[in-house]
Amino acid sequence: MYISQRAKNTLPSPTLAITALAKSMKEQGIDVISFGAGEPDFNTPDVINKAAIEAIESGFTRYTPTAGIEPLRQAIADKLLRDNGLSYKATEVMVTCGAKHALFGIFQAICDPGDEVIIPAPYWVSYPEQVKLAGGVPVYVTADSAANFIPDPAQIAAAVTPKTRAIVINSPNNPSGAVFPEAVIRAIAEIALKHGIYLISDEIYEKMVYGTEHFSVASISDEVKKLTIVVNGMSKAHAMTGWRIGYAAAELELIKAMVRMQDQSTSNTTSIAQKAAVAALKAPEGLVTEMVAAFNERRAVIVQLLNDIPGFNCPNPGGAFYAFPDVSGVYGKSFNGKQINSSDDFAAYLLNEARVAVVPGRGFGLDSNIRLSYACSMDSIRQGIARIAEAVSKLS
């Protein structure tokens with residue numbers, strides 16, 4: 001059977017694979033604690049659910065415009081102005097099947113074969129694969145735990161070539177939880193202005209910050225805003241991962257191009273979920289406050305417990321709900337004659353020996369690390385890290 005080279009070259013998502021594997025093991029009755037899922041462990045609020053039920057009962061179950069219903073696009077524009085100080089018309093906003101879909105559409109719309117996109121590492125696993133699917137070339141600028149995962153603007157500037165089409169900014173960051181300082185974001189914006197290249201600002205974790213504030217690059221100036229494509233969605237802040245509603249905001253010409261491509265792929269996002277998203281954006285942010293408070297408590301516990309494990313070094317994340325410890329201190333050790341030399345080796349060892357699921361850092365661009373989501377109960381955190389510590393103690 002013939003399979004395209006494009007499909008062959010596309011790597012599967014390690015985060016989805018780990019989550020699916022842990023779920024499968026649990027269904028088999030195996031006691032697995034999973035730190036894999038990148039989704040809040042909170043239920044979608046009732047006010048959002050009721051809006052969806054009302055949409056069903058009123059027969060709002062047909063096609064909508066590809067870019068989304070006008071009330072939702074306007075609600076998104078209102079949110080961007082209210083929360084981020086960004087003035088967009090509803091026509092400069094499009095609704096997508098999750099923020100991941102928005103990013104996919106962006107790369108398809110701006111990349112021709114051979115175009116380069118600068119991606120600070122560690123990065124979300126889908127960025128490089130989506131760039132490659134668009135025929136582009138991902139270019140990495142790495143900042144490890146010693147730099148608190150904050151990219152160096154000088155290294156980004158050095159990576160720019162005549163083929164550079166865009167720079168990705170993901171703050172708060174997945175997988176590291178790093179929140180980029182405003183000065184760093186401004187310096188990256190200056191690079192984009194100098195070379196006339198896009199800034200793709202993935203702000204899906206903007207509400208999950210601890211003791212700091214989110215800063216949107218598009219708020220710097222009108223000139224920077226014209227080069228910026230803001231990506232966000234309903235999944236994290238509103239506990240709506242399964243509803244699949246994301247969005248992008250940008251200059252009208254680019255939005256129109258993305259809409260044309262969405263016309264020929266998914267068409268509109270689910271009509272019912274769009275109505276639910278309108279309710280979410282208009283509702284008080286009580287759930288967000290509750291989640292952030294809970295995540296902050298869990299963050300303190302998981303970071304302390306991870307740093308207590310010999311060979312681990314875990315910087316304190318400023319946002320999102322992930323810990324991203326450097327575990328290279330255990331590399332070279334072995335168990336039953338099998339040596340651990342990579343994040344894949346270590347993740348496999350933890351799953352088999354400790355029945356704990358973590359995501360290898362290799363897929364995020366840092367093989368020295370592993371990612372753990374603390375969007376789970378405090379009980380799971382304490383039990384899971386205790387299992388990891390015991391497993392590490394068995395290594396020789």
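## Exercises on a predicted model

Leaving aside neighbours within four places in sequence, Gln-262 is in contact with Thr-66, Met-94, Val-95, Thr-96, His-101 and Ser-267. The structure is a predicted model, and the exercises below start from this residue.

**Exercise 1. Find the element that holds Gln-262, decide whether the residue is buried or exposed, and state which backbone oxygen lies 3.1 Å from a polar atom of its side chain.**

Solution. Begin with the place of the residue: Gln-262 belongs to helix α10, which spans residues 252-263. Next, take its relative accessible area, which is 5%; because buried means under 20%, Gln-262 counts as buried. Finally, look at the polar end of the side chain, where one polar atom lies 3.1 Å from the backbone oxygen of Thr-66.

**Exercise 2. Work out the strand order of the open sheet of seven strands, name its edge strands, and say which strands helix α10 touches.**

Solution. The open sheet has seven strands in the order β2-β8-β7-β6-β5-β3-β4, and their pairing is mixed. The edge strands are β2 (93-96) and β4 (137-142), each of which pairs on one side only. From one strand to the next, the twist averages 20°.

Take the edge strand β2 as the next step: it pairs with β8 (residues 246-249) in the antiparallel sense, over four bridges, and within this pairing Thr-96 has Gly-246 in β8 as its bridge partner. Helix α10 packs on the sheet and touches β2, β6, β7 (228-233) and β8, while its direction makes about 30° with that of β2. Thr-96, one of the residues in contact with Gln-262, thus appears again here as a bridge partner of Gly-246.

Another helix, α6, lies across β3, β4, β5 and β6 (198-202), and runs at about 155° to β4.

**Exercise 3. Determine how many of the six residues of β7 are buried, and describe how β7 pairs with β6 and with β8.**

Solution. Count the residues of the strand: six of the six are buried, so β7 is largely enclosed by the rest of the structure. Then sort them by direction, with Thr-228, Val-230 and Asn-232 pointing one way and Ile-229, Val-231 and Gly-233 pointing the other way.

The pairings complete the picture. With β6, strand β7 pairs in the parallel sense over four bridges, and Ile-200 stands opposite Ile-229. With β8, four bridges join strands that run antiparallel, and here Val-231 stands opposite Ala-248.

**Exercise 4. Locate the cis peptide bonds that lead into Pro-122 and Pro-172, and examine phi in Ala-320 and Asn-336.**

Solution. Start from the general expectation: most residues other than glycine have a negative phi, and most peptide bonds are trans. Against that background, the bond from Ala-121 to Pro-122 is cis, with omega near 10°, and Pro-122 lies in the loop between β3 (116-121) and α6 (126-133). The bond from Ser-171 to Pro-172 is also cis, with omega near -5°, and Pro-172 lies in the loop between β5 (164-170) and α8 (182-195).

Turning to phi, Ala-320 has a positive value of about 60°, and its place is in the loop between α12 (286-307) and β9 (322-323). Asn-336 has a positive phi near 50°, and is found in the loop between β10 (334-335) and β11 (338-339). Their surroundings can be read from relative accessibility: Ala-320, at 0%, counts as buried, whereas Asn-336, at 72%, counts as exposed.

**Exercise 5. Describe the geometry of the aromatic pairs Trp-124 with Tyr-127 and Phe-321 with Tyr-322, and name the residues that touch the most other members of the largest nonpolar core.**

Solution. There are 13 aromatic pairs. Trp-124 and Tyr-127 form one that is edge-to-face, with 5.6 Å centre to centre and 80° between the planes; Trp-124 is buried at 15% relative accessible area, and Tyr-127 is buried at 1%. Phe-321 and Tyr-322 form a tilted pair, with 5.0 Å centre to centre and 55° between the planes, and both of these residues are buried. Ring pairs also link Phe-321 and Tyr-322 into a cluster with Phe-42, Tyr-205, Phe-295 and Tyr-374.

For the core, which has 111 residues, the members that touch the most others are Phe-35, Ile-302, Phe-346 and Ile-388. Helix α12 gives the most to this core, with 10 residues. Apart from it lies another core of 25 residues, including Ile-48, Ala-277, Val-278 and Ala-280.

Key:
Residues numbered from 1 in each chain as written. Predicted model: local features only at pLDDT ≥ 70, side-chain atom pairs only at ≥ 80, totals over all residues. Heavy atoms only, no water. Helix = DSSP H or I, 4+ residues; strand = E, 2+ residues; numbered from the N terminus. Buried < 20%, exposed > 50% of the residue type's maximum accessible area, 1.4 Å probe, protein only. Pairing = 2+ DSSP bridges. Axes fitted to C-alpha atoms, helices over the stretch in contact; angles between N-to-C directions. Contact = heavy atoms within 4.5 Å. Polar contact = N/O pair within 3.5 Å; in protein donor to acceptor, adjacent residues only side chain to side chain. Core = buried A, V, L, I, M, F, W, Y, C linked by side-chain atoms within 4.5 Å. Phe/Tyr/Trp six-rings, centres within 6.5 Å; stacked < 30°, edge-to-face > 60°.
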